[in-house]
Amino acid sequence: MSSDLRELYQSVILDHNRRPRNFCKPECANRSAKGINPLCGDQLTVYLAIEDGVVKDVGFDGTGCAISTASASLMTQSIKGKKVEEVEHLFAGFHNMVTSNPQSRIRDEGLGKLSVFSGVREFPMRVKCATLAWHAMNEALRDTGKAATTE
Amino acid sequence: MTAAGESAQRTVAAQAPRSQRFDPVQARRDFPILQDRDLVFLDSAASAQKPQCVIDAIANCYSHEYANIHRGVYELSARATANFEATRKTAQRFIGAADDREIVFVRSTTEAINLVAATYGRQNVGSGDEVLITEMEHHSNIVPWQMLCEEKGAVLRVAPIDDRGALMLDEFERLLGPRTKIVAVTHISNALGTVNPVAEITQLAHAHGAAVVIDGAQAVPHHRVDVSELDCDFYAFSAHKVFGPTGVGVLYGKASLLESMPPYQGGGSMIETVSFEKSTYAQIPQRFEAGTPDIGGVAGFRAALDYLTDLGLDAIESYEQTLLDYATKSLAEIPGLRPIGTADKKAAVLSFTLEGVHPHDDGSILDHEGVAVRTGHHCAQPVMEHFGVPATVRASFALYNTTEDVDALVRALHVVRELFQ
């Protein structure tokens, strides 16, 4: 098996796909938004509990591929307890990493565990999977009442 | 002489098949895209690859025989018109239509169905009437009827499929009634491969006075179709799925029905006379062909139909059935593989899911291993819902696929299993 395939499906990703964390609707959630990829049928909902500009709790549910499920799961872990501005900063960093040129140096500073998704940039067809939960979270954060759709 | 030259020289008489024994390895050589890379292409149900003769025919049209049709008095325009109309005759013979006026050129199967809904449908379906479809339809044979029913206050009825993906014919019959004006069914399901008993469906529908529209997009590349034998009222298919170019489709309609129908789009070519007070419309089929059509595409389409006639559709069908048997047995040996669509009568389409793996992940890994398959809902979300899956992996086979392609698919699926274990 080739290395870039192993790079895409790292054991952390496979583990979060099998046992997604925060796979629930937190009772105190006060915002939510859907993420839809009409091309592959992925659908998830991200729930946020925002208090005093801080993500007090976060969860998600729905169905999707390993990349989108693991991405949602790891996202919930990495934004819980963070200030809204920090979350926005994290989203920008994550987005930059998965959409950067495969030839360039990987920039994953400050992304922590999220850097397991750096292999996604080798698979442009999968960028939408990796960012679906983040786009939904962003809609929920801004409380737009809109769903995030990839198309 | 180039392949296009040869094709242009072919007489209008039907060609005798090249041989009764079909040779996929020889046929594969006709497709340049399969030569210039190591490609295991298992997505022909979405769109088929093109043989050299089709590519040459399009180039030949634009290089030597191109002008707008049905207009100029000059020789080149007359020749372009004759070529265009010759394709109509080729298409007529190819599907066994009684009259070449029954062949309407459109852009695609989707447009053909929309045309029927917007003309025959609007004319014949009223408030409280019913349109009957099946649960296995492609979105393009659902949404146009939904839109028509919404506009007219009519009711869309859906005949169910069983757990093997076959139409429940008794339920279908039960849903036919005095209010059923149109029955629209697919000949072969794109997501499941199920072959529908369209002759029987047509008989039943006619017994209740309903017109029958058949979506033949998946059938024509794999199966000899005779619309006169079927006795259906409309039959739609696309050139790009029969190894021809994109942008060309055919609507077959019985002449008596086409003649009674209002135009679809207004514009050039579809008129008889135009004044600001009133326009009168052309005879069929021009009445339904407003605007300049895809002249180059239609030239390529003729080459594609000639190519299939030359190979012999019966020989292709019997070859594809042996390939389907081989593939079905090979996939059955993969642990955790669930086939979706196991009807008795099937075309060479295999939809499936792998336990614990989302089809989208299958698709990426298979692609990485050089195997191109379709993953997703295949524009048939109700089918996905029936089987309780968000999506499937679909491997679809065509005349250029071989048992080696099946073996490559099996090897790649083992890579998926290894990765996801």
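Trainee: Where in chain B is the place of Pro285(B), and what is the peptide bond from Ile284(B) to Pro285(B), cis or trans?

Mentor: In this predicted model, Pro285(B) sits in the loop between strand 10 (279-281) and helix 11 of chain B. The peptide bond that leads from Ile284(B) into Pro285(B) is cis, its omega being near 0 degrees.

Trainee: Helix 11 of chain B follows that loop, and I would like to know how one describes the way two helices pack.

Mentor: Two packed helices are described by the angle between their axes and by the distance between those axes. Here, the axes of helix 3 (residues 52-64) and helix 11 (residues 295-311) of chain B come within 8 Å and cross at roughly 145 degrees, and the crossing of these two helices is right-handed.

Trainee: Which residues in helix 3 of chain B meet helix 11 of chain B?

Mentor: From helix 3 of chain B come Cys53(B), Val54(B), Ala57(B), Ile58(B), Cys61(B) and Tyr62(B), and among the residues they meet in helix 11 of chain B are Ala299(B), Gly300(B), Arg302(B) and Tyr307(B). Sorted by class, the contact between helix 3 and helix 11 of chain B has 11 nonpolar, two polar and one charged residues.

Trainee: Is Val54(B) buried or exposed, and how many C-beta neighbours does Val54(B) have inside 10 Å?

Mentor: Val54(B), which lies in helix 3 of chain B, counts as buried because it has 31 C-beta neighbours inside 10 Å, and a residue needs 20 or more to be called buried. Leaving aside neighbours within four places in sequence, Val54(B) is in contact with residues including Phe243(B), Pro245(B), Ala303(B) and Ala304(B).

Trainee: How should I read a single helix, such as helix 4 of chain A, and which of its residues are buried?

Mentor: An α-helix has 3.6 residues a turn, so residues three or four places apart point the same way. Helix 4 (residues 84-99) of chain A has 16 residues and reaches 23 Å from its first C-alpha to its last, close to the 22 Å expected at 1.5 Å a residue. Its buried residues are Val87(A), Leu90(A), Phe94(A), Met97(A) and Val98(A). Seen down the axis of helix 4 of chain A, these buried residues fall within an arc of 90 degrees, so they line one face of the helix. On the other side of helix 4 of chain A, Glu85(A) and Ala92(A) are exposed.

Trainee: What covers the buried residues of helix 4 of chain A?

Mentor: The cover includes strand 3 (54-63), helix 3 (66-79) and helix 5 (127-142) of chain A.

Trainee: Which loop holds Ser100(A), and which residues does Ser100(A) touch?

Mentor: Ser100(A) is placed in the loop between helix 4 and helix 5 of chain A. With 15 C-beta neighbours inside 10 Å, Ser100(A) counts as partly exposed. Not counting residues up to four places away in sequence, Ser100(A) touches Arg107(A) and Arg121(A).

Trainee: What about backbone angles: what is phi of Asn22(A), and where is Asn22(A) found?

Mentor: Phi of Asn22(A) is near 55 degrees, a positive value in a residue other than glycine. Asn22(A) belongs to the loop between helix 2 (11-18) and strand 1 (31-37) of chain A, and it is buried, with 21 other C-beta atoms within 10 Å.

Key. Residues numbered from 1 in each chain as written. Chains lettered and ligands numbered in written order. Predicted model: local features only at pLDDT ≥ 70, side-chain atom pairs only at ≥ 80, totals over all residues. Axes fitted to C-alpha atoms, helices over the stretch in contact; angles between N-to-C directions. Helix = DSSP H or I, 4+ residues; strand = E, 2+ residues; numbered from the N terminus. Left-handed = near helix turned anticlockwise from the far one by under 90°. Contact = placed C-beta atoms within 7 Å. Nonpolar A, V, L, I, M, F, W, Y, C, P; charged D, E, K, R; others polar. Expected span 1.5 Å × (residues − 1). Buried ≥ 20, exposed ≤ 12 C-beta atoms within 10 Å, placed from the backbone. Arc of directions from axis to C-beta.
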